[in-house]
Amino acid sequence: MIVAQRKPFEEIKDMLKVYKKVLNVGCGTCVAVCLAGGEKEVDVLNAELDMARKLEENPIEMGAITVERQCDREYLETLDSIVEEYDAILSMACGVGVQFLAERFPHKPVFPAVDTSGLAVNQAVGWYEERCRSCNQCVLGMTAGICPVTMCAKGLYNGPCGGTNKGNCEISKDQPCAWHMIYERLAAQDRLDNIIAFYPAVGWKDQTPRTLIQPGYKTEDSAPEN
Amino acid sequence: MRLDYPVNIKIILVPCTGKVDVLHLLRAIQKGADGAYVVGCLEGACHYNEGNLRARERVEHVSRLLEEIGLEGDRVRMYNLSSGEGPTFAAYAKEMTEHIQKLGPNPLKKWAE
Amino acid sequence: MNEINKGLDDRRATYIEYAQAVPLAYAIDLDVCLGCGLCENVCLAKAVKYDDKERESEIRVGSVILSPGTKGYDPSGLVTYGYGLYPNVVTSEGFERILSAGGPYYGHVMRPLDRQEPKSIAWLQCVGSRDTNRCGNGYCSSVCCMYAVKEAMIAKEHIHGELDAVIFNMDMRTFGKDYEKYFLRARDKEGVRFVKSRVHTVSEIPASGDLSIQYVDESGDMKEEIFSMVVLSVGLTIPDSAVALARRLNIELNPYDFADTRPFEPVTTSRPGIYTCGVFQGPKDIPGAVTEASAAACLAGGDLAEARGSEIQAIEIPREKDVSQEDPRIGVFVCNCGINIGGIVDVPAVQTYAAKLPQVVFTDSNLFTCSQDTQEKIREKINEHDLNRVVVASCSPKTHAPMFMETLEACGLNKYLFEMANIRNQNSWIHSKSPDLATQKAKDLVRMAVARAAVLRPLKEKVIPVNHRALIIGGGIAGLNAALALGRQQFEVCLVEKETVLGGLSLKLHHTIEGEDIRVYIEKLIAEVRADDKIEIVTDAEIAGFGGYKGNFETELRVGPGQEKRIIKHGVIIVATGAIEYDPKEYFYGQDDRVITQIDLSNRLEEKGASDLDSVAMIQCIGSRNEEYPECSRICCQNAVKNAIHIKKLNPDTQVYVLYRDIRTYGFLEDYYREAREKGVIFLRFNQDSPPDVECLPDGVTISVIDHVLQRPIAIRADLLTLSAGIRAADTNELSGIMKLNRNPEGYFMEAHVKLRPVDMPGEGIFLCGTAHGPKLISETISQAQAAASRATTFLAKPEIKLSAITAKVDTDNCVKCLTCVRSCPFEVPAFNQNTKLIEIDEALCHGCGVCTGVCPREAIQLSFYEDDQIMCKIDALMAGGM
């Protein structure tokens, strides 16, 4: 799941300082699940902004709505009839949602209220750990289910660097070395031969915005119109 | 026991302090209350196991939010006591009132309709 | 003089005894009443009757339960302690009041003489207990050690700064569940000092009011210490009135005036149909008393089982009106509460104010809104004005809401369309000095209540049927007694035992300390259970699966060598999985066959007697009260005393040595401890940090231990070394996992509340008894089993259960199944249903605390009757008045 955390309040307040009437749009899927941008967080942020602006003798009117997902155009339709009332839009969705909102309402300033941190597992209430950087080139089959792009500080594909230190990464003794973990787990599974295989590094130069087309559902010619 | 406590204290009943929401406390301050405090059972003695612990976390969270927007964080507080402690209740009511009086009125009050 | 506060302050001639008194009503202290007539004149309810007389009435009943309670020992007769003479010597009862927020000093710890905070306090244990010499009370009062530790801890907490708290004791008897841990915390963490000495004399230092205590320490040296205060830990005695009552009822008392009961019938008096419980049965703590109360109710109810359901009047409730489509029409009833409210608050002004509030269509004020004729009036007004919401501005919803809600129901109005404003307890009573402000606050409170009333919704209390069958897990003394008790109450029982035979640990035992034959008892008990056709016995069975909720459980069993699957449907569960003897790793047990446990010893005495034994030594606290297992096993001391006396009876020439740390023969067991000493059993105390050394030599086992009085090691040669091995909970790892039952770190199941609900488990419809709950005697196991059956009966006796309507509900349309509620609920109620693929909250399991509503990121959970808008509107209404 995509996880995000709310931006520092000052930053949000600063972005909105010239606007008098702002619609805060929550997103009911990933960021709701990670407790950053559902109905509840929209209401909390609006209450804060309302109070902060009154304290500055510059009141702001905050609208609140949470859509199912900001990354699906059908769910954004409900906003069409109301955004005109507002000077600007604040989005509590991930970076994808913010951009999609901005695309749909190109004449309205759209601001992000959260920082999108990545793809993470939910270990406990409010506790998330990143596991994937969406590199589009998955090698988990060879690395015993441990991602070297995410879990290795350098994102190395072919074994550890010289900084590996008794199972830990040189950046911190609390950060395990991904390649040490990969070695241990492959060894336990008797699949150490995998570690010999050579993998070309990620082609970061090819990391332009990707379009994904699920075969069987869509072809390139049937691209949706914005 | 009919112990005197300040008249400015008004009580809202909830089944357990675990029901008290961040939004409830924010609303009180937003609407101009000078302070808001949650009175729960003693820690370890919650009838619902841990409602009062959740309440404390939420009060502390609201406290941080108030600091963020430039208000005093301790306009919201959490107190714990057992149901047999009338005098303690009155003492906390007094303490909270005196504490809030020191902070002065909520500057948002003039904005409340 | 205020009796409740032990004379430490005064009270008026008209008084409420104490804040929690039931009924919470005034009384007149005739000893000091002048008869001025003022209170009669001012009482608007005409409740004061000076010429009121005692009336005799006759009630025909089928059973009687005697619970006349206890009276703290009055130490005035023990003149050497100076109670009543030196102001700073108080009883433990008096000190409880000093600690209490509702006490004479409002919870500030002060000494009576000069109201100074004490710097040091000494507690003297066993005042009026364990004393055949000065007061004749030979028994141990069982509770004083624990309350002294508690008082010392609370005193230290209340006094800011240092308090030297010292407890002078002969033995610290913290034998209850989790009590030893509390004692250790007091000693090791909080610095409470424990001195092994019985203090004889307290003398006052007149200049300061301080008290000097001279005592002999363990090595026999005379010591003197000065304290600011002395607390006499007085024992439990039976009041004369209870003795007189017992005489009138013709029931037998023991030599100490407690009700005489037998070990296998712990709450049955000598007269059939009369039962007893609490301290009148024997000295005990609160959980013990609560347990026995349920046990007595069980037996009393068992005698009356056939009459259940008779002589009941059913209340007819009219069909509920559907008001969901109507706009709110609110009626406000403002109460004067005699002069309680009306004397301070301007009630007419509040009524006029209420009439102007939105959606209010009717207002009224009453002298006493709670009176019967006012209910009639409210009903009339609801019908006349077609009210669909009612607000009563009066007193506490805690005491009065249920009654007003019934009045609504009687008009066909859903009872949840009701709200109260507490303008008495939260207003007129406390702001009596500022009537104007109180009137303003009453208006505020009424405005808030009206706002909430407008957004209340009718709620349905779901009714679920109850399966009238109990599942009892465990076929030892506890399970068998619970089964028998439920059978007598006419309920069906399925008794599940994992072994192939019934009886549990008791099969290894012979006699109780009183000399009762356990084998005969257990055979008779099993025969009675087998003869009861309501009880089905399933042996060689284990629990493999579990589901459902109170009143409707479903348990899967695996039965017999073939592990046949069987499903049992039942309404309640009684957990009675029992305990086992600890298997010692200490002192060559299992390596040298002269080292045995107490169970082995009693077997040996039954089989071979003691004629060949010159000397037997016993070591206490094996596998108990140590670092690995801090708890006391409660019954080992009496076990040792029992076997020691048995040996002495078989062969008075056998030397018996008991090496102990504290002898914990509580209650009447103390008599046997004394008997053992009189018979020549030698008790030697050792310190935990210098335990005995044991050598197994060809001519006997040699035990070396440091004697406190001699202050040098002594060696004992024994033919047998008996280890008083502690008690361990039976292995219930799997069971607790399957049934989601919580256990403490020692593996004993946890009760819903250690003091007040000792046989209920946290999950509703699940009860607990016997050693599965903690180590205990057979008599205690039996009463707890009967108590569990009694608590189960309260469920089984109902044809159906009405569930609380105040539960959390998920708006599944908005739910993103984030699991936050699942992970936050203190009772693990919300769950992802694999079939519906939805997060569901089972209203039969929800406790209604609202924790889940506060964490839901999509605001998709609401707690009925406390929905967010029903709380927010009160905040808004309050603030709309401008504070």
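B:Gly32 takes a positive phi of about 110°, just after helix H1 of chain B. This is a predicted model: local features need pLDDT of at least 70, side-chain atom pairs count only at pLDDT 80 or more, and totals for chains, interfaces and linings use all residues. Residues are numbered from 1 along each chain as its sequence is written, while chains are lettered from A and ligands numbered from 1 in the order in which they are written.

**Helix H1 of chain B**

H1(B) covers residues 22–30 and is mostly covered: nine of its nine residues are buried. Buried here means that 20 or more other C-beta atoms, placed from the backbone, lie within 10 Å of the residue's own; exposed means 12 or fewer, and partly exposed lies in between. Among the buried residues are B:Leu23, B:His24 and B:Arg27. The cover includes H3 of chain A and H21 (868–880) of chain C. Chain B itself adds strand S1 (36–40), helix H2 (51–69) and strand S2 (76–80). Helices (H or I, at least four residues) and strands (E, at least two) are DSSP runs, numbered from the N terminus.

**The sheet of chain A**

Four strands of chain A form an open sheet in the order S3-S2-S4-S5, with parallel pairing. Strands pair if DSSP finds at least two bridges between them. S3 (61–67) and S5 (110–112) are the edge strands, each pairing on one side only. Neighbouring strands are turned by 25° against each other on average, direction ignored. S4 (residues 88–91) is joined to S5(A) by three bridges. One partnership links A:Leu90 to A:Phe111 in S5(A).

Two helices lie across this sheet. Angles run from 0 to 180 degrees between N-to-C directions of axes fitted to C-alpha atoms, for helices over the stretch in contact.

| Helix of chain A | Lies across | Angle |
|---|---|---|
| H3 (residues 39–55) | S2 (21–27) and S3 | about 170° to S3(A) |
| H5 (residues 95–104) | S2, S4 and S5 | about 175° to S5(A) |

**Cores**

Which residues touch the most other members of the largest nonpolar core? They are C:Ala482 and C:Ile574, out of 175 residues. A nonpolar core is a set of buried Ala, Val, Leu, Ile, Met, Phe, Trp, Tyr and Cys residues joined through C-beta atoms within 7 Å. A second, separate core of 140 residues includes A:Ile60, B:Val62 and C:Val851.

**Chain C against chain A**

Nine residues of chain C are in contact with eleven of chain A. Contact means C-beta atoms, placed from the backbone, within 7 Å. The chain C side divides into four nonpolar, two polar and three charged residues.

Definitions and conventions: Two residues are in contact if their C-beta atoms, placed from the backbone, lie within 7 Å. Ala, Val, Leu, Ile, Met, Phe, Trp, Tyr, Cys and Pro count as nonpolar, Asp, Glu, Lys and Arg as charged, and the others, Gly among them, as polar.
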